[in-house]
Amino acid sequence: MDFALTEEHRMAQAMVRDFVHKEVAPTITEWDQKQDMAPFVLPRMAELGILGINIPVRYGGQGLDYISLGLVCEELEVVDATLRVVMSVHMGLCSMGLLQWGTEEQKQKFLVPLARGEKYGSFGLTEPDAGSDVGALRGTAKRDGDHYVLNGEKMWISMATKAHYSLVIMRTDPKPERRTDGMSAFLVDLSSPGVTTGDIHGKMGVRAGSTGWIAFQDVKVPAENLVGEEGEGFKIAMSCLDNGRYTVAAGATGLIRASLEASVKYARERQALGREIGKLQLIQQKIAKMVRWYEAARLLYLRAGWLKNQGVRNTRETSLAKWFATDMSFEAASEAVQLHGAYGYSDEYPVERYLRNSKGAVIYEGSNEIHTLLQADYALEYRKDRPLRCELPAYDPETWQSE
Amino acid sequence: MKVIVCVKQVPDSAAAVTVEGGVVDWGDAPLVINPWDEYAVEAGLLLTEAHGGDVVALSMGPEDAKEAIKHALAMGCSEAILVSDPALAGADAQAAARALAAAVEKIGDADVVLFGRQAIDSDTGILPPQVARALGWPAVTQVSALPAFDPDAKTFQAERTIEQGRQVVESKLPAVISVIKDYAEPRYPSFMGIRKASRAEIPLWSLADLGIEAPESVVTWPELMNPPEREVTTEIIEGDSPEEIATQLADKIIGEKVL
Amino acid sequence: MSNKVWVFIDQFKGAPVSSSWEALGAGRKLADELGTGLTALVFGEGVQAVAETAGQYGADEVLLADDASLTDFRPEPYAALFSKLAQEGEPAIVLFPTTTRGRELAAMAAVDLNTGVLVDVTEMALEGDAVVATRPIYAGKLLAKVRCSARPQLITLRVRAFGKPELDEGRSATITKVEPVMDEGQIATKVVEYKTTEGGVSLVDAGVVVSGGRGVANNPSLEPPADISDENEQEIWRAQQGFKLIGELAEVLGAAMGASRAAVDGGYIPYEYQVGQTGKVVSPDLYIACGISGAIQHMAGMRTSKVIVAINKDADAPIFNFARFGVVGDLYNIVPALTQAFRERLEK
């Protein structure tokens, strides 16, 4: 078993780390306070190829592997969760959804501009009354000749006001046998008539980003934009989440690392009781816990990334990685704030932002309660993954890096 | 046009370096491209983007010293060469300069050789003029801009930052140029560059390949020391007048040799 | 030409660089220890006076090359001349100040003469005629003792690491004229023009930083102009007077200016000057904190400075725990006095 990262992995990781530290970190607190996304972030990530990092070159991407995506997400979140959220929705949910389920025509038409960063993508599943209970989804898509007509409202959509495209799940069959049947996935161009979007402010965290709602009023979507087959919407959504939550797991791991790094630095500087507080045992305990959580979270997400590279179904492993990393990032951030004392409670130091950001990830991409039940179901063998009609392609450097 | 950029591999500048058992120890800190050399690579890439041609990254070190050179490739250099020979271990600046000059001659047809201002480990900054001298070429150091560069006419103009201000010089090509931070922000390696660099086979040139004998090293470092422990003993300066206090303070500060 | 210790006197536009005299003083000490004479090298145009001053600072002999081709320093003609003289005279030791010119000249001469350069040394000791020098490496994180087995030993001295010698106006050296080796047509480089640098030093790169904190506004005796009636505006005006003084000190030291968060939040100075946890992190050789209390979030931005100097009215300010030198006093009195003291010592 080779635990070593390749040179390619390390160089890609270093490049993204340099970029976010040089260009985003200096002003991130400001944008977090403004509750807005810095206008240069998306264009720069596009320019540098980050928005297409693990998409094959022939689909406009950079041809790196799924582990690279994880490493990059870890680095992005060290500076701020909002940067990684971009990857979660644009890449994990939307682009990789197309990579897995799209036809060749759809990939050429939509995936290429997404991978090139010419267009930004988002994911439209959640509704005001449908979060964990996806079966309660109410939005509809009615077939009418050569197009579908979409109606409904999606909420808590990252990049709602920034994205050009959204992979949207709507009900095509109003009276299915099971609640989770009868849904379909559509690649919607958000500039279509009838689409309105808006930002949601006042979130506890992930403030330097873009979260909002998308409303569909008789929106005509060409039939060619149906992704997968009618009725496959739920399966498609769940497989997209396998990729979204992989990026969340990697990101939360980065957040644990950020808490750890900030805490080590502060513990070596701050003096109390005649010495640096790093010498005090209860402070040491906090640091030690963060190390434990970081190393375990890292191995879990890398293992999930490795499985994706192999083309092996990884729903269980990704869920485990997400659940662990996000819960632990909340704990780590909380310990970090405590370790910083009153300074941790102020925005002078970044740890309070880490804590506010961390809570979001415990809630989204499958709340951790959902993951608890998933893991129990797997262990008790109440749940078994059946092969999907379309699987996420395995990574192959030859074919992925050729034009 | 052919540009050669000399790059060196050094411990990361954030590394806590200490002397352990007479040798420098940088712990787990990674080995990276000398930060100044990134500016030189950027300068080289900008020159070939303007005038066409290729940038060759040239480095000297042990066989596995590939980080610096791979970074240069990932930034966009088309080729890389590592001069490596056990006889060059511990080479002083002059010896290194002669070896690099031989490599430049073996590569052949270079219009310009670029360096970063200095290496952050040895901190001497003398390699660029020494390589120039060994090649019999002019050296223009501390360059912050190249307002004119004509590879066909074989002339160029450079803006240099010296202690007293900015100086503009004109010189002939081929030449050795060392650049400073003001030149241009180095680009990040692209993912495509990273892919290429990680797959690249870096040719190793030994002294035999260069066709020279081991140059003699005359500068030795018989001892390495950790700097004396700076106990911050605070000295409060007192006096009867601000002038008296200021005089004492100024002298003490000058005595610390930090100006 | 049998003197064993030589010193290269660096000059710019005919004016000697003061670190050259430091090198001359160090050379004098070495020459005396070796029981030999001291030769100074002066190259340039219209530099006769520099040659005479070299005598007054302790040179026994001066090799003077005064020629139009040497007006501005260019490595090739200077190196060619130097190397010829060194080959003929066979000194054991040649000292240079570590200026851009001194460094380049020593570097090229080393290649011509098949010898080595000990660069930017801060200490020297003799073992026979061999110099064992100390120099900083890894940005000063470590020190190395270095020596050169070949002759001449070319050594560049760190600026301000060696004291300036006494000037003896009655002293004089034997001045020998030498001719340049290259004529203008052979020289590949020409100096086109020169402009002084405008603009300040970048805070992050600066070797010296002078910062102001909340204390800069603390001068109630200062009367703001009549048209500033708002109390807040008056405070800002006072602070700006304080920052003017800090700016003058910074200028004399060639330093960058910085500020604490309190000063920035108070509107005294723009955010780009802020040093601290939020703000810039700096690590200069010298950090002078004026009217700054030294709370941990400011310290986070500058605690790795080599030498910290604190000037504060409050003797209990935490910054005094980190400072190498402290003055409990009013920065409005101390800072201008310090500026003057440095002006005298640094000849600015």
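In this predicted model, four strands form an open sheet in the order 14(B)-10(C)-9(C)-8(C), with antiparallel pairing. Helices (H or I, at least four residues) and strands (E, at least two) are DSSP runs numbered from the N terminus, and two strands pair if DSSP finds at least two bridges between them. The edges of this sheet are strand 14 (219-225) of chain B and strand 8 (123-127) of chain C, each of which pairs on one side only. On average, neighbouring strands are turned by 25° against each other, direction ignored; axes here are lines fitted to C-alpha atoms, for helices over the stretch in contact, with angles from 0 to 180 degrees between N-to-C directions. Five bridges link strand 14 of chain B to strand 10 (residues 142-148) of chain C in the antiparallel sense. Within this pairing, B:Leu224 has C:Ala144 as its bridge partner.

Residues are numbered from 1 along each chain as its sequence is written, while chains are lettered from A and ligands numbered from 1 in the order in which they are written. Local features need pLDDT of at least 70 and side-chain atom pairs count only at pLDDT 80 or more, whereas totals for chains, interfaces and linings use all residues, and side-chain values use heavy atoms, with hydrogens and water left out.

Turning to chain A, there are twelve helices and ten strands. Its C-alpha atoms fill a box of roughly 80 × 45 × 45 Å along the principal axes. The radius of gyration of chain A is 21 Å, in agreement with the value near 22 Å for a compact globule of 403 residues; it is taken over C-alpha atoms, and the globule rule is 2.2 Å times the number of residues to the power 0.38. Of the 403 residues in chain A, 59% are buried, where buried means under 20% relative accessible area, exposed over 50%, and partly exposed in between (1.4 Å probe, protein chains only).

Strand 1 (residues 121-124) of chain A is covered on both faces. A:Gly121 and A:Phe123 on one side, and A:Ser122 and A:Gly124 on the other, are all buried. In a regular strand, side chains alternate between the two faces of the sheet. Strand 1 of chain A runs parallel to strand 4 (residues 165-171) of chain A, joined by four bridges, and A:Ser122 has A:Ser166 as its bridge partner in strand 4.

Salt bridges (a side-chain nitrogen of Lys or Arg within 4 Å of a carboxyl oxygen of Asp or Glu) number 51 over all chains. One of them joins A:Arg138 to A:Asp129, with the closest N and O atoms 3.5 Å apart, and both residues are exposed. Another brings together the side chains of A:Arg316 and A:Glu317 at 3.8 Å, N to O. Here A:Arg316 is partly exposed because its relative accessible area is 30%, whereas A:Glu317, at 14%, counts as buried.

Between chains, B:Glu256 forms a salt bridge with C:Arg324, the closest N and O atoms being 3.6 Å apart. B:Glu256 lies in the segment after helix 7 (242-255) of chain B and C:Arg324 in the loop between strand 17 (307-312) and strand 18 (325-328) of chain C, so the pair joins two chains. B:Glu256 is partly exposed at 28% relative accessibility, as is C:Arg324 at 22%.
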